[in-house]
Amino acid sequence: MLLLEPNRVVPVTRLVDAVWEDAPPATASHQVRKAVAELRRRIPDGSSVITTQGSGYRSVIPPDRLDLALFLSGVQDAHLALESGDTSSATRTLTFVLDLWRGPVMLDGGGPVIAAASAHLEERRLSAMEQLIELRLQNGEAGELTGDLRDLIAGNPLRETLRRLLMLALYRSGRQAEALEEYGRVRHLLAEELGIGPSSQLTTLYEQMLRESPELAAPAAVPPGDRPTARGLVTDAPCTLPYDLVDFTGRERELRRLMAYATAPQPGARIVAIDGMGGCGKTSLAVRAAHRLAGRYPDGQLHVDLRGFTPGEEPERPAAVLESLLHTLGFPRERLMPGDVQGLSALWRATLAGRRILLLLDDAASSEQVLPLLPSSPSCLVLITGRMRLVGLDGAEWISLGTMSDKESTELLAGTLGKDRIAAEPEATATLAELCGHLPLAIRLATSRLRNRPRWNIGYLVERLVDETHRLDELSLGNRSIEASLNLSYLAMAPSKRFALRMLGLHPATTFDAHSAAALLGTSVQEAEKTLEYLLDVHLLQQHEIRLYTFHDLVRDFVHGLRPRDSSPENTELERAAVDRTLRYYVLAARKACDVLFPGRSRINRELPPGPSIEIPQLQNSDRALAWLDRERGALLGAVALSERYGFHAHTAHLTRDVVFHLNLRGYFREFRELCGTGVAAARRLEDPQLLRISLGNLAVAHWKLGRFREGITTATEGLEIARATGESSGEGFCLDLLGLLHSALGDLPEAFRYLRQGVALHRTIGYERQEAESLGNLSSLHSWTGNYREALNTAGQAMRLNQRLGIQDNQVSALSDMAIAHLGLNDVWQALSCLEEALDLADETHTPENVALVLALRAESRQRLGDHEAAHRDTERALRLARSKGTPLRQSAVENLLGLVHRRRKRFSAAFELHEHAYRRATAIGYRIEIARAAFGLAEACESLGRREEAARYHERAEELFTGMGIPRTCRPNT
């Protein structure tokens, strides 16, 4: 373990983990120290070889004394030699370091950690061996390699790279039949062992051998004094390709697609264009593909930097590029006509006729820049990279690069930082990749920072990157940075597009559509969509779903940093106007959606201040309205925060009033409460009594839902006083209902009855049927609690008829639940089940899921009473899942008590005890007296059946105290 990390401190805890894994003895640390003492005694000068530092040990070994260090540094030296084209030096270095191996390293013993390290090093050895054999094949060797290759394959039968090299060695040795037979063997083995076929590389090689392709011919042996290129090409074929990254990672799918297209028959020149945002690895992919394809283009591989987005420079002119390319192919400059694009282009195409040339045009700015450079010969391949899709290139195959996957990002981090460092901080590594936006350039800049700061660990860099305001500053090194890369794309755009990008940075959502963008930009929806599509083309926006646009995280950071650059009064005013339009859009659209979904709401007298006309989407039916609210929930919450930040108090009050309807519907109760508080604050600033009363009412509902009953009473009382002072009867009735609910939750049933009856009478007087129905439902619950089931049934029936007339499905579900509870109290189980089935036909788990949970719990009890225990069990599981995932504490405790009753009746007393105990804790935490009492009663019954008599007596005493205090008769205490 110490030699695997020479000259680095290895903590004792890691040594303990390596030896004993998850079950170290109590003496583990002592045994490690004892072992270290023994090693120091046995090794000459052992105390200086193994030193103690802090809570660990360090092996002090010069690099030239450790064959592992020699091997790893030698492999790196060989890679550097290959990058510079010195294959002879690379061959000698690899031969030397591979001779250090005398068999598998650390074979057997040592546990999983040592075994993993051994496997990792063996993989490095095989990769180096494959590289050496590849070089020797390029140098003209063949037959002498087959023995070594067969030995390696015997130990690694599924390694296709070794099979490919053996086939090539056999073929070049004149043993074509054996080479083809080797392919048959590996194909059969892969099918038998893994159920897959050979790779495309192996299959292509087999097909080339069948055709006796000249590309497979062995190169002539190179004299020792010459320096061949890494591809074994002749020296008179020009090659100006950049070096291929040693640690190139990922993009396998895109690379396979590129290679397949580049090698497929085409009637004209093959053109593959790669587009993507700055820093996504376009050039690296193109260079990797160019090096892989170089052997197919023996007449030359040419690279041109078109400087489409180079800071401080104009894009290269086609005429200048053509002059340079023709000169590279041997034309004297004096024979070329400078600036004659048409003449130079014709000469270029004539020169390439019949020649096999690979041309890499990097960083293209436009189709006009590229078109004169394209050859017409079908024997040529053109690779083009650019930040935007060059739509004028007919016949090109387009590959758009996005960000890397999680796996690819981790592999790139491991390749640049080392697998051990990544393994030591897996969570921080995943977070680092996410903060880098899975963008290759950002990941490389981050790892460069870590390599240049040896005392930093990954977690520390993550802490620095979490701050969005400084993230782009951290992702920079020298003259390379994410900000500089994005700035090139930004500066290349027209001023109007720059302005649009800056304004879009104000959008309150991470994902937005053309309608909201049109409001923000002050244009028509059609014009906004054109702008969004342009920004999509230049990869400053992304699109993960049709019609929806989003910023890459790092682009968003960049755009947010743009606004302070231009904070003139004029731009500040333009920004404020854009925010006003955006908020106005969300106010109007949310109002329209809520009018469709929640008809009969009280109208707000205060309108928004006059402003521009805003186009909102078509939300004419409930499906569209709900889909829009679901999709825009994050945007609406962001819009509220934006309106608060800019002081648009009227927008804030209107938005919060409508958004809370949707939050309540979907069960987002904590967000519901926070937003209600924001609405109250905005209404107070506006000094608008109606808005304040509405906002206070909504906040009281939130308090009730979350079990903050006394705060709710205070809030609802203030709302009631405002409603009475302003003569707002509907608001007065609403507040009376709330006070009835809140007092009932606290167990003050006489006060609850009084408030609810006043509310019902007032609603009937003013004809507010929606709220009357809700008040009747609440009264029905109180009648059931107190055992007056016939009155409960009558009241719930009235509520049901009103809700049917109004067409409010969710409230019909609640009324049917109340009717079922009353029927169960009257022992009319079939009628109860009929109501519940009707309720489930109307219900939707995504609409007020806690109400569906109650219906399912009631149906579980009904089915159990009728002897259908299996169906009751299914309902129990589903009800519990819904209540616990989306229910309020009130509904969770009610459902758990119901299901506890179901388990008690099936004599599953332990399960019943657990459910009642959960309900008891939840209800006690919020002071919900009826469910505390029911839970205590259920616990008493369960404990009695389990033989825990002392506990049963305590719980019985507690239940009796609560039921008596609320005036609930004994006859209805065990029931629902």
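Select Gln53 first: Gly56 in strand S3 stands opposite this residue. The structure on display is a predicted model, and the tour proceeds from this pair of residues through the sheets, the salt bridges, the cysteines and the surface.

**The three-stranded sheet**

Extend the selection to strand S3, residues 56-59, together with S2; the two run antiparallel and are joined by 4 bridges. Adding S1 completes an open sheet of 3 strands, ordered S1-S3-S2 and paired in the antiparallel sense. Strand S1 (9-11) and strand S2 (50-53) occupy the edges; each has a single partner strand, so one side of each is left without a neighbour in the sheet. Viewed across the sheet, neighbouring strands are turned against each other by 35° on average, direction ignored.

**The five-stranded sheet**

Next, display strands S4 to S8. They belong to an open sheet of 5 strands with parallel pairing, and the order to trace is S5-S6-S7-S4-S8. Which strands stand at the edges? They are S5 (301-305) and S8 (397-401), and because each has a single partner strand, one side of each lacks a neighbour in the sheet. From one strand to the next, the twist averages 15°.

Within this sheet, select residues 358-364 (strand S6) and residues 381-386 (strand S7), which pair in the parallel sense over 5 bridges. A convenient point of reference is Leu361, which stands opposite Ile384 in S7.

**A hairpin**

Move to residues 542-545 and 548-550. These are strands S12 and S13, an antiparallel pair with 2 bridges. Glu545 has Leu548 in S13 as its bridge partner. The hairpin has 2 residues between the strands, and Arg547 takes a positive phi near 70° there.

**Salt bridges**

The whole structure contains 51 salt bridges. Several merit individual selection.

- Glu316 and Arg307: their side chains meet in a salt bridge with an N to O distance of 3.4 Å. Glu316 is partly exposed, at a relative accessible area of 28%, and Arg307 is likewise partly exposed, at 27%.
- Glu850 and Lys705: the N to O distance in this salt bridge is 3.5 Å. Glu850 lies in helix H40 (residues 849-865) and Lys705 in helix H32 (residues 689-705), so the pair ties together parts that are 145 residues apart in sequence. Glu850 counts as buried at 6% relative accessibility, and Lys705 is also buried, with a relative accessible area of 11%.
- Glu931 and Arg934: here the side chains meet at 2.8 Å, N to O. The two residues are 3 apart in helix H44 (residues 929-945), a separation of about one helical turn. Glu931 is buried at 2% relative accessibility, and Arg934 is buried at 15%.

Then select Arg150, Arg163, Arg175, Glu178, Glu181, Glu182 and Arg185 together: salt bridges that share partners join these residues into one network.

**The cysteines**

How many disulfides does a search of the whole structure find? The search finds 0. Select Cys380, which is in no disulfide; its nearest cysteine sulfur belongs to Cys239 and is 15 Å away. Cys380 is buried, with a relative accessible area of 1%. Cys676 offers a second case. Why does its sulfur form no bond with that of Cys594? The sulfur of Cys594 is the closest cysteine sulfur to that of Cys676, but it is 13 Å away and therefore too far for a bond; a disulfide requires the two sulfur atoms to be within 2.5 Å. Cys676 is also buried, at 3% relative accessibility.

**The surface**

Switch to a surface representation and select Leu158, Leu194 and Ile196. They form a nonpolar patch on the surface, with about 260 Å² of accessible area together. Ile196 is located in the loop between helix H9 (176-194) and helix H10 (200-211). Is Ile196 buried, partly exposed or exposed? Its relative accessibility of 42% makes it partly exposed.

Finish at Glu570 in helix H27 (residues 569-597). With 60% relative accessibility, Glu570 counts as exposed. For a final distance, select the C-alpha atoms of Glu570 and Ala115: these residues are 455 apart along the chain, and the two atoms are separated by 67 Å.

Technical notes: Residues numbered from 1 in each chain as written. Predicted model: local features only at pLDDT ≥ 70, side-chain atom pairs only at ≥ 80, totals over all residues. Heavy atoms only, no water. Pairing = 2+ DSSP bridges. Axes fitted to C-alpha atoms, helices over the stretch in contact; angles between N-to-C directions. Patch = residues over 30% accessible without salt bridge, like charges linked within 9 Å, V, L, I, M, F, W, Y side chains within 5 Å. Areas by Shrake-Rupley, 256 points an atom, 1.4 Å probe, with all protein chains shown as cover. Salt bridge = Lys/Arg side-chain N within 4 Å of Asp/Glu carboxyl O. Buried < 20%, exposed > 50% of the residue type's maximum accessible area, 1.4 Å probe, protein only.
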